[in-house]
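Biologist: I'm at home with gels and assays, but not with models like this one. Could you walk me through how to read its features?

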Amino acid sequence: MDGDRQGDGMGVGADFRELECFLVLAEELHFGRAGERLYVSQGRVSQLLRSLEGRIGARLFDRTSRRVALTPLGERFLAGLRPAYASLAGVVEEARDAARGMGGTLRIGFQGMADGGVTEAVGAFQDRHPGCAVELVEIPLSDPFGAVRGGEVDAAVVLLPVAEPSLAVGPVFSRQPQTLAVSVRHPFAGRTGIAAEELADCPLVVPGGPAPAYWREAQAPAVTPGGRPVPRGPEVTTLQEGITATAAGRAGMLLCRATADYHARRDIAFVPVTGLPDSALALVRQRAGATERLRAFGRVLTAVTGGTAAAAVPLVKQG
């Protein structure tokens, strides 16, 4: 990766590779390790450094058989070069991103709250692709797929299950145990946990339409795993409406553990539920709408969250 000379744009005619070599050597203070990071030989590191020092007209490092150290001039050069190099590298990366269709804005929808893995992935994506801005857009709990279909967002992080032929699913991440949110006045509030069969004794908040029936049923099952009917509570459009109905004692609401922790408040108790499948989130996009930006974001989200692909998603309760 020795690269071609970039001309005299740096004022002293310095090669971009020489400057990169100087910065890496200043961090490592070891020619061998610097060479490993740059994928060149130790001799090539020495050659690049000699060339740079020749252009400047003075030594930037004191080196002996035992140690490598910056000279006072090297220290000053390092202090000035770091921000300039970072800026220049950013410009180059932005140009590369634009050439690959990575520029512009990527709009990612989320329901109720942006999962910590999502916000971490956004930060990591922005660091890698500074030319592409990411906007997080809240979408209604009652309409998980509409914003993606309508092109209001490029992709959305939604609760599983997803069985939409026009949408591609993946990665799947943030698998969490279920909890039941109830008013502190509810008989379950003092419990350390309940079994899924006991949901028959508690009306459940139900997401309203236009969410498809299978998805609404998954978020608020009409029957327990054993077949007992579960009373229906109020239909809501947003997560906040559901939380408010719960605090008012109108119904309980199934939430994943992370969402429960985020919405902790004095008038609501969160009771673990056993016997239900874990909650999970997935990134969904239009099946015909794959772009390099979306593929890159999906790769970052997978790396950050440890997510997996979703070839087939069973219609089971998620929360």
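Biologist: Let's start with strand E9 (residues 204-207): which residues cover its two faces, and are they buried or exposed?

Modeller: First, the vocabulary. Buried means under 20% relative accessible area, exposed means over 50%, and partly exposed is anything in between, using a 1.4 Å probe and protein chains only. Helices (H or I, at least four residues) and strands (E, at least two) are DSSP runs, numbered from the N terminus. Here, both faces of E9 are covered: Leu204 and Val206 are buried on one side, and Val205 and Pro207 are buried on the other.

Biologist: Before we go on, what kind of model is this, and what is counted?

Modeller: It's a predicted model, in which local features need pLDDT of at least 70 and side-chain atom pairs count only at pLDDT 80 or more, while totals for chains, interfaces and linings use all residues. Residues are numbered from 1 along each chain as its sequence is written, and side-chain values use heavy atoms, leaving out hydrogens and water.

Biologist: Fine. How many helices and strands does the protein have?

Modeller: There are 10 helices and 13 strands. Of the 319 residues, 46% count as buried.

Biologist: Which strand does E9 pair with, and in which sense, parallel or antiparallel?

Modeller: The general idea is that strands of a sheet pair through backbone hydrogen bonds, either parallel or antiparallel. Two strands count as paired if DSSP finds at least two bridges between them. In this case E9 pairs with strand E10 (residues 232-236) in the parallel sense, over 3 bridges. Leu204 has Arg232 in E10 as its bridge partner.

Biologist: What do E9, helix H7 (residues 213-219) and E10 make together?

Modeller: They make a right-handed β-α-β unit. To judge the hand, point the strands away from you: a crossover is right-handed if the path from the first strand over the helix to the second runs clockwise.

Biologist: Now the odd backbone spots. Where are Pro161 and Pro210, and what kind of peptide bond comes before each?

Modeller: Look at omega for this one. Leu160 and Pro161 are joined by a cis peptide bond, with omega about 10°, and Pro161 sits in the loop between strand E5 (155-159) and strand E6 (167-176). Gly209 and Pro210 are also joined by a cis peptide bond, with omega about 15°; Pro210 is in the loop between E9 and H7.

Biologist: And phi? Which sign does it have in Tyr39 and Ser174?

Modeller: Positive in Tyr39, about 60°, although Tyr39 is not a glycine. Tyr39 lies in the loop between helix H2 (31-38) and helix H3 (42-56) and is exposed, at 65% relative accessible area. Ser174, again a residue other than glycine, has a positive phi near 50°. Ser174 belongs to strand E6 and is buried, at 17%.

Biologist: How do I read the packing of H2 and H3, say from the angle at which their axes cross?

Modeller: Axes are lines fitted to C-alpha atoms, for helices over the stretch in contact, and angles run from 0 to 180 degrees between N-to-C directions. The H2 and H3 axes come within 8 Å and cross at roughly 95°. Angles under 35 degrees count as roughly parallel, over 145 as roughly antiparallel, 65 to 115 as roughly perpendicular, and the rest as oblique. H2 and H3 are therefore roughly perpendicular to each other. Contact means heavy atoms within 4.5 Å; in H2, Phe31, Gly32, Ala34, Gly35 and Leu38 meet Gln42, Val45, Ser46 and Leu49 of H3.

Biologist: What about the open sheet: in which order do its strands run?

Modeller: The order of the 5 strands is E4-E3-E5-E13-E6, with mixed pairing. Strand E4 (132-139) and E6 are the edges, each pairing on one side only. From one strand to the next, the twist averages 20°.

Biologist: Last one, dear to a biochemist: how many disulfides are there?

Modeller: A disulfide is a covalent bond between the sulfur atoms of two cysteines. The test is a pair of cysteine sulfur atoms within 2.5 Å, and this structure holds 0 disulfides. As for individual cysteines, Cys21 is buried at 1% relative accessibility, and Cys256 is buried at 8%.
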